[in-house]
Amino acid sequence: MVLDLRPEGFQLLKFKERVLDYLEEGSRNHTITILWEYLLLLETCHKILKTDEAAHMRDQRLYLPYRELVDAYGKDQYVSEGDFAERMLMLTQRMGDAFEAHNHAHTLNKQLTSGEISEIIYSHDVTALRNRLVTYLKHKEGLWILFDNLDKGWPPFGVTAHDVITLRCLIEALTKIEQQLGKRHILCHGVVFIRNDVYEMLIDSSPDRGKAAQITLDWTDQDLLRELLRRRFTYNLQDDTLKFEDLWLQTCVSHIKGSETSQYIIERSLMRPRSLIDLLRLCRSHAVNLGHDKIQVADIEAGETTYSNVLLNEMSLEIRDVFPGAQNILYEFLECENELTETQVLLFLRRKIEDRNLQKVLDLLIWYGFLGLIRGTGGVTFIYDVLYDFKKLKGLIENKRAAGGAKFLINSAFWKALETKRVS
């Protein structure tokens, strides 16, 4: 059983605004942890009841535990309507109302006890619900809980202490669920997908560093991206011994504008596998439409143009989400040179950005890989080249400033859309 949770927006914002002000710091940790635990428990039940709605009628082993789980889950409005984001918002709204009602009924300085907090949050018999869930999961091979988008909309350099506490409590709640199910001999794994900079803040603020296992998913090796393509090529061929070079030459011409074509395409992917696949798919589609037996130079150029325009729009939206004042800021670089001094970059930004926010927006452009630092004789360092270690890249930029001035290169992924003028 896989529980895949990806809310579109961070729905705990209202919870933070309406509830956390009533709690001491120790109570905050306790409250957010039991909220996550309760929410994950309910979502697991919801997924089971939805997935096995038909299967339990055909499998007598599942029928009785399924019906018992239905009875324990109940018909609460929270559990019966909407998607995960809506249900999460509904739960926090209900909690906010309950906390405000409690606050009005008592003195403003009265702090809630752990028992009062639990009573407000829980609308189910949690013990009974957990027992029914355990009984049902014994008929499954295991449970995986995957949580993504928690940090969606969080600014790269403005994550608050409350945000980090919320993340830490989510991890603690997942750990508790893993341990509770593990004692009942049920395999359970919880995985949270977060950005590197958020993880670093989590580690810095955690007294028990190293307790949570970390797996880095950043792609910084171009050969790994080639291997990803090779495996996709060989999947349907059922022959994993084929080499990338041989497969690539059957798929695409060897060179474009003096560069090897796989290198040319990878350099425009921002080292993102999905972007690489999207770009290659657009090139292939153009070749198929024109009846080419392999991807030609014209197909790559046409695919790159479409891809670059889509990427420019998507990244503009990403930047807007974390800094609304920088909406459409990338379009200020239309028809500029691809190499810019820091002074030139700031002149473009001043068209829309106040002076006090210039450095913040410049940092965003560097963080998202739009700008890379030119080093030495043509070498360029983008954020993914330093494993998204922004402090390291900032240090390199400071060194360049001290030596006479920093110079940046607009990422080649945006050249087509921005119609940049090539300096090098």
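The following chat walks through the sheet, a helix contact, the salt bridges and the empty spaces of a predicted model.

Visitor: Let's start with the sheet; in what order do the strands come, and is the pairing parallel or antiparallel?
Guide: In this predicted model, four strands make an open sheet in the order β6-β9-β7-β8, and their pairing is antiparallel. The edges are taken by β6 and β8, each of which pairs on one side only. On average, neighbouring strands of this sheet are turned by 40° against each other, direction ignored.

Visitor: Which helix packs on the sheet?
Guide: That is helix α18, residues 390–402, which touches β7, β8 and β9 and whose direction makes about 50° with that of β7.

Visitor: Stay with β7 for a moment; how many of its residues are buried?
Guide: Strand β7 covers residues 371–375, and four of these five residues are buried, so the strand is largely enclosed by the rest of the structure.

Visitor: And how many bridges join β7 to β9?
Guide: Three bridges link β7 to β9 (residues 407–410), the two strands running antiparallel, and within this pairing Gly 372 stands opposite Leu 409 of β9.

Visitor: What about β8, which residues stand opposite each other there?
Guide: The pairing of β7 with β8 (residues 379–381) is also made over three bridges in the antiparallel sense. Here Ile 374 faces Val 380 of β8 across the pairing, while Leu 373 stands opposite Thr 381 of β8.

Visitor: Switching to pockets: how much space lies in the second largest one?
Guide: The second largest pocket holds about 520 Å³ of space. It is lined by 23 residues, and those closest to its centre are Glu 267, Val 380, Leu 409, Ser 412 and Trp 415. Two of these names have already come up in the sheet, since Val 380 stands opposite Ile 374 and Leu 409 stands opposite Gly 372.

Visitor: Which element gives the largest share of that lining?
Guide: The largest share, three residues, comes from α13; α13 (261–267) and β9 each supply at least two residues of the lining.

Visitor: Glu 267 is on that list, so what does its side chain pair with?
Guide: The side chain of Glu 267 forms a salt bridge with that of Arg 268, at 3.8 Å from N to O.

Visitor: Are those two buried or exposed?
Guide: Arg 268 has a relative accessibility of 5% and therefore counts as buried, whereas Glu 267, at 35%, counts as partly exposed.

Visitor: How many salt bridges does the count come to?
Guide: The count comes to 21 salt bridges. Another one of them joins Arg 351 to Glu 332, with their closest N and O atoms 3.5 Å apart. Arg 351 lies in the loop between α16 (342–349) and α17 (358–367) and Glu 332 in the loop between α15 (297–322) and β6 (339–341), so this pair ties together parts that are 19 residues apart in sequence. As for accessibility, Arg 351 counts as exposed at 53%, while Glu 332 counts as buried at 18%, because the cut-off for buried is under 20%.

Visitor: And where do Glu 354 and Arg 356 come in?
Guide: Their side chains meet in a salt bridge at 2.7 Å, N to O; Glu 354 is partly exposed, with a relative accessible area of 46%, and Arg 356 counts as exposed at 68%. There is also a network in which salt bridges that share partners join Glu 227, Arg 230, Arg 231 and Asp 240.

Visitor: Arg 230 rings a bell; what is Leu 247 in contact with?
Guide: Leaving aside neighbours within four places in sequence, Leu 247 is in contact with Arg 230, Phe 233, Thr 234, Leu 237 and Leu 242. Leu 247 sits in helix α12, residues 244–251, and counts as buried at 6% relative accessibility. Phe 233 is 14 residues from Leu 247 in sequence, and their C-alpha atoms are 7.5 Å apart in space.

Visitor: Last topic: how many cavities of 30 Å³ or more are there?
Guide: Searching the whole structure finds one cavity of 30 Å³ or more, and the largest cavity has a volume of about 50 Å³.

Visitor: Which residues line the largest cavity?
Guide: Its lining consists of Glu 37, Leu 41, Arg 130, Leu 133, Ile 177, Gln 180 and Leu 181. The elements giving two or more residues to this lining are α2 (25–51), α8 (126–137) and α9 (161–183), and the largest share, three residues, comes from α9.

Methods: Residues are numbered from 1 along each chain as its sequence is written. This is a predicted model: local features need pLDDT of at least 70, side-chain atom pairs count only at pLDDT 80 or more; totals for chains, interfaces and linings use all residues. Side-chain values use heavy atoms; hydrogens and water are left out. A salt bridge is a side-chain nitrogen of Lys or Arg within 4 Å of a carboxyl oxygen of Asp or Glu. Buried means under 20% relative accessible area, exposed over 50%, partly exposed in between (1.4 Å probe, protein chains only). Two strands pair if DSSP finds at least two bridges between them. Axes are lines fitted to C-alpha atoms, for helices over the stretch in contact, and angles run from 0 to 180 degrees between N-to-C directions. Contact means heavy atoms within 4.5 Å. On a 1 Å grid over the protein atoms alone, a cavity is a set of points where a 1.4 Å probe fits but cannot get out, and a pocket is an open set with protein on both sides within 12 Å along at least five of seven lines; lining residues have an atom within 4 Å of a point. Grid points are joined across faces, edges and corners, and a volume is the space filled by probe spheres set on the points.
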